[in-house]
Protein chains: 2
Amino acid sequence: MGIFSKTCEYAIRSVFFIAHRTENGNKVSIKEIASGISSPEYFLAKILQELSKRGIVKSTKGPNGGFFMDDETLQRPLVDVVEAIDGNGLFSGCGLGLVSCSESKPCPLHHEFKVIREEIYKMLSQTTIKDFNEDLNLGITNLKK
Amino acid sequence: MGIFSKTCEYAIRSVFFIAHRTENGNKVSIKEIASGISSPEYFLAKILQELSKRGIVKSTKGPNGGFFMDDETLQRPLVDVVEAIDGNGLFSGCGLGLVSCSESKPCPLHHEFKVIREEIYKMLSQTTIKDFNEDLNLGITNLKK
DNA sequence: AAAATAAAAGATAAAAAACTCTTTTATTAA
DNA sequence: TTAATAAAAGAGTTTTTTATCTTTTATTTT
């Protein structure tokens, strides 16, 4: 198991892919995205539906339709994608799954975890989706399996 | 979803509980552990079987039997528990689930993630199970839901 | 207006994770 | 040496996650 659910991994990769491929005003279809990020097509369709509902990506139906991102969506922090799919358990919940865990009644790992949770949150909230475009354009980073 | 699987959360909590309750040479039964950490009893039994197989906790059958930890097991780093249950995906895999991701062919989040993964690994490898006993003894930390 | 296209929505299937129950084995105590 | 105890092992079930397929709706082009 990684940090994110598989669904969330696909979500992040697809958002990066869409951002990268629609900078110029184009649109991309589910098929293209799925193949571009090596994800199961129909499953990805469901994920994009959800992201679209939440306004994290934009879409239009019909010929020449597809998914895209505009200036507003490109500016969104990565944490919005993660929260949309996996919720906020990663940076708000107790590492040992205790609902009673708090500052005043901490679990044994509470303080150790706090550092990590904050680090994760910082990383996800301080970077926008757009931030990753340049490296993708330059071919420095990749999204395929 | 948290950082660890639910199974792993139970595993960590149970190990802390056993360490805390058997410092003095006593043993604890599955029943006691399950109730002490608010976990499903039969499910916990399976988890403890696995931890026992791997030598992370010790056990004996029969009357006055149960689980316990000795000096050697108490000295083990927490990472051994996590690795036994969740594997090492948390600190070795790619955050976006890409098998191809590497230093030379990184995913977009690769470098951001590296910091986090290292932080998590450091936390889990630098603390021994025993380290958490004192705070449990003092009633500062808790393991119950 | 009809045909074509592409996402949205709905329904189902497969796999994995979480959880439960029963039987067996080892150990102890009466 | 029998009965009792407690973990180990085996065999399920349930729930959640992941994945697939089909039908509907919106949009565009002919």
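These legends describe close-up views of a predicted model with two protein chains and two DNA strands. Local features need pLDDT of at least 70, side-chain atom pairs count only at pLDDT 80 or more, and totals for chains, interfaces and linings use all residues. Residues are numbered from 1 along each chain as its sequence is written, while chains are lettered from A and ligands numbered from 1 in the order in which they are written.

**View 1. Chain A meets chain B.** Here 40 residues of chain A are in contact with 39 residues of chain B (contact: C-beta atoms, placed from the backbone, within 7 Å). On the chain A side, helix 1 (6–22), helix 6 (89–92), helix 7 (110–126) and helix 8 (133–137) each give two or more residues. Helices (H or I, at least four residues) and strands (E, at least two) are DSSP runs, numbered from the N terminus. Helix 7 of chain A gives the most, with six residues. By class, this side of chain A has 19 nonpolar, 11 polar and 10 charged residues. Ala, Val, Leu, Ile, Met, Phe, Trp, Tyr, Cys and Pro count as nonpolar, Asp, Glu, Lys and Arg as charged, and the others, Gly among them, as polar.

**View 2. The axis between the copies.** Chain A can be laid on chain B by a turn of 180° and a shift of 0.0 Å along the axis, with an RMSD of 0.0 Å. The superposition is by least squares on the C-alpha atoms of residues with pLDDT of at least 70 in both copies. The two copies are thus related as by a two-fold rotation axis. In chain A, I3(A) has the C-alpha nearest the axis, 2.9 Å from it. The same surface serves both copies: 98% of the contact residues of chain A recur in chain B.

**View 3. Around DNA strand D.** DNA strand D is surrounded by 25 residues (near: C-beta atom, placed from the backbone, within 6 Å). The closest are K6(A), P40(A), Y42(A), G62(A) and S29(B). Helix 1 and helix 3 (41–53) of chain A give two or more residues each, as do helix 3 (41–53) and strand 2 (66–68) of chain B. Helix 3 of chain B has the largest share, four residues. The surface holds eight nonpolar, 12 polar and five charged residues.

**View 4. Around DNA strand C.** Here too, 25 residues surround the strand. S29(A), K6(B), P40(B), Y42(B) and G62(B) are the closest. Helix 3 of chain A gives the most, with four residues. The classes are eight nonpolar, 12 polar and five charged.
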